[in-house]
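Notebook open, viewer open. I'm jotting down what I look up as I go.

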Amino acid sequence: MLCMQNFTYYTPTKVVFGKETVTQLPALLREFGARKVLIHYGQGSVVRSGLLARVRSLLDEAGLAHAELGGVVPNPRLSLVYEGIALAKREGVDLILAVGGGSVIDSAKAIGYGVVNEGDVWDFYAHTREAKGCLPVAAVLTLSATGSEMSNSSVLTKEDGWLKRGYNADWCRPKFAILDPTYTETLPAYQTACGCTDILMHTLERYFAKDGSMALTDAIAEGLLRTVMANARVLQQDPKNYDARAEIMWAGSLSHNGLTGCGSDGGDWVCHRMEHEMGGLWDVAHGAGLAAIWGSWARFTYRENLDRFYRFATQVMGIAPNPASRAAVALEGIEALEHFFREIGMPTSFHDLNLAPTDEELSLLAKKYALAVGGAAGSAVKIGETEARAIYRMAL
């Protein structure tokens, strides 16, 4: 049995969950001392749904000044962050309100870093220096996926070289997050499935740690995984099912606020880092890219972490235990999760993403991955450039 490791669990975000909770927005902003807010949002869904207009109205009625910056895209861009930093400084805002999904929240966090730290904000994502603060960020969530509404992480894409990089620091954890599952009811099925996949992967990255284990953490992680899969299937048939939307929305927050990694070595995270290079090069949807690469990573590493893969197969995927054939059971578990991905319309290969990378592109992905992680990364198996290239190739 693996020994539990020391951990620090820090989740300062105040969560206000349920229908019509956006009406509490003015009181929450005042609670956290906001006087002028930058409303940050995406490309149009918050406009079409009427949510943006409602947020404006609530702030106006409460006498809270605000500026606006829209235009965030999936895999949020550094260029818009620079624009947001300049706007926030010019307008003298003291809180950034992200109205949208994870990309909007990540972009808001990057703007927050840029407002209070001198120099180029990309330095933090390039890991050449550390931030010393962040302008307060809050969120009205419209997509269950990244968990950015409670996490210490954000991911940004630099157009020069198409580099997709993440930065983690507690400074950026949102002060509060309003979570109303009804805001996710109009999402296309593909976007819902991508979000469910991202939630699963945030948990799986922590679950497949080689060192450290805690029975309670494992039980929470396994229950979260089963809950997301069950409710993703419900939403395939009934997209407006509020209870299923609510279960998935809450799972998204818990999957990435640190809870499902307490007592482990922190997890693996290779799939995320490999997918970042795919997202940077081809701008693929994050959840879809993760689904496309996961099975290949799992087959490449499962023998070196057989206990965890066996447990995953039996406790999460429902494969019958067979201690005499643990490797076969582990492979059944991998195949079962890939079957689930296909069931909800997710890819399990580059081909399914309508991509046919050349050998040169696979080598470029592997080289950029190795550069981003400082040579090699991973928990049970250290994945460097050579190993990454092999995993990418397996995913064709």
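Is Phe 7 buried, partly exposed or exposed? I get a relative accessible area of 40% for Phe 7, so it goes down as partly exposed. My cut-offs are under 20% for buried and over 50% for exposed, with partly exposed in between (1.4 Å probe, protein chains only).

Ground rules before I go on. This is a predicted model, so local features need pLDDT of at least 70 and side-chain atom pairs count only at pLDDT 80 or more, while totals for chains, interfaces and linings use all residues. Residues are numbered from 1 along each chain as its sequence is written, and side-chain values use heavy atoms, with hydrogens and water left out.

**Entry: Phe 7, continued**

I find Phe 7 in the segment before β1 (14-17). Helices (H or I, at least four residues) and strands (E, at least two) are DSSP runs, numbered from the N terminus. Skipping neighbours within four places in sequence, I list Met 214, Cys 262 and Gly 263 as contacts of Phe 7; contact means heavy atoms within 4.5 Å. I also checked Phe 7 against Thr 142: they are 135 residues apart in sequence, and their C-alpha atoms are 31 Å apart in space.

**Entry: whole chain**

I count 15 helices and 8 strands in the protein. The C-alpha trace spans about 70 × 45 × 45 Å along its principal axes. How does the radius of gyration sit with a compact globule of 396 residues? The globule would have a value near 21 Å and the protein has 20 Å, which agrees. That radius is taken over C-alpha atoms, and the rule is 2.2 Å times the number of residues to the power 0.38.

Buried residues make up 59% of the 396. Of the contacts with a separation of 6 or more, 76% come from residues 24 or more positions apart. Accessible surface: I have about 15700 Å², with 52% of it belonging to carbon and sulfur atoms. The areas come from the Shrake-Rupley method with a 1.4 Å probe, and for residues only the protein chains shown count as cover.

Charges next. I get 37 positive and 44 negative side chains, and the centres of the two sets lie 2 Å apart. Lys and Arg count as positive, Asp and Glu as negative, and His and the chain ends are not counted. Each charge is placed at NZ of Lys, CZ of Arg, CG of Asp or CD of Glu.

**Entry: aromatics**

How many aromatic pairs does a search of the whole structure find? It finds 20. I picked out Phe 208 and Phe 312, an edge-to-face pair at 5.5 Å centre to centre with 65° between the planes. The pair links distant parts of the chain, 104 residues apart: Phe 208 is in the loop between α7 (189-207) and α8 (215-237), and Phe 312 is in helix α12 (residues 306-315). Pairing here takes rings of Phe, Tyr and Trp (its six-membered ring) with centres within 6.5 Å; planes under 30 degrees apart are stacked, over 60 edge-to-face, the rest tilted.

Phe 208 is buried at 1% relative accessible area, and Phe 312 is buried at 1% as well. Both belong to one aromatic cluster with Tyr 207, Trp 294, Trp 297, Tyr 302 and Phe 309.

**Entry: helix α11**

Thr 301 lies in α11 (residues 286-301) and is buried at 3% relative accessibility. Beyond its neighbours within four places, Thr 301 contacts Phe 309, Val 381 and Ile 383. Gly 287 is in α11 too, and I have it as buried at 3%. With the same neighbours left aside, Gly 287 touches Cys 194, Thr 197, Asp 198 and Met 346. Gly 287 and Ser 264 are 23 residues apart in sequence and 24 Å apart C-alpha to C-alpha.

**Entry: Ile 220**

Ile 220 is in helix α8 and partly exposed at 29%. Not counting residues up to four places away, Ile 220 touches Leu 259 and Thr 260. The C-alpha atoms of Ile 220 and Leu 259 are 8.3 Å apart, with their positions 39 residues apart along the chain.

**Entry: positive phi**

Most residues other than glycine have a negative phi. Asn 75 has a positive phi of about 60° without being a glycine. I place Asn 75 in the loop between β3 (65-69) and α4 (78-91), buried at 7%. His 127 also has a positive phi, near 60°. His 127 lies in the loop between α6 (122-125) and β5 (137-141) and is partly exposed at 47%.
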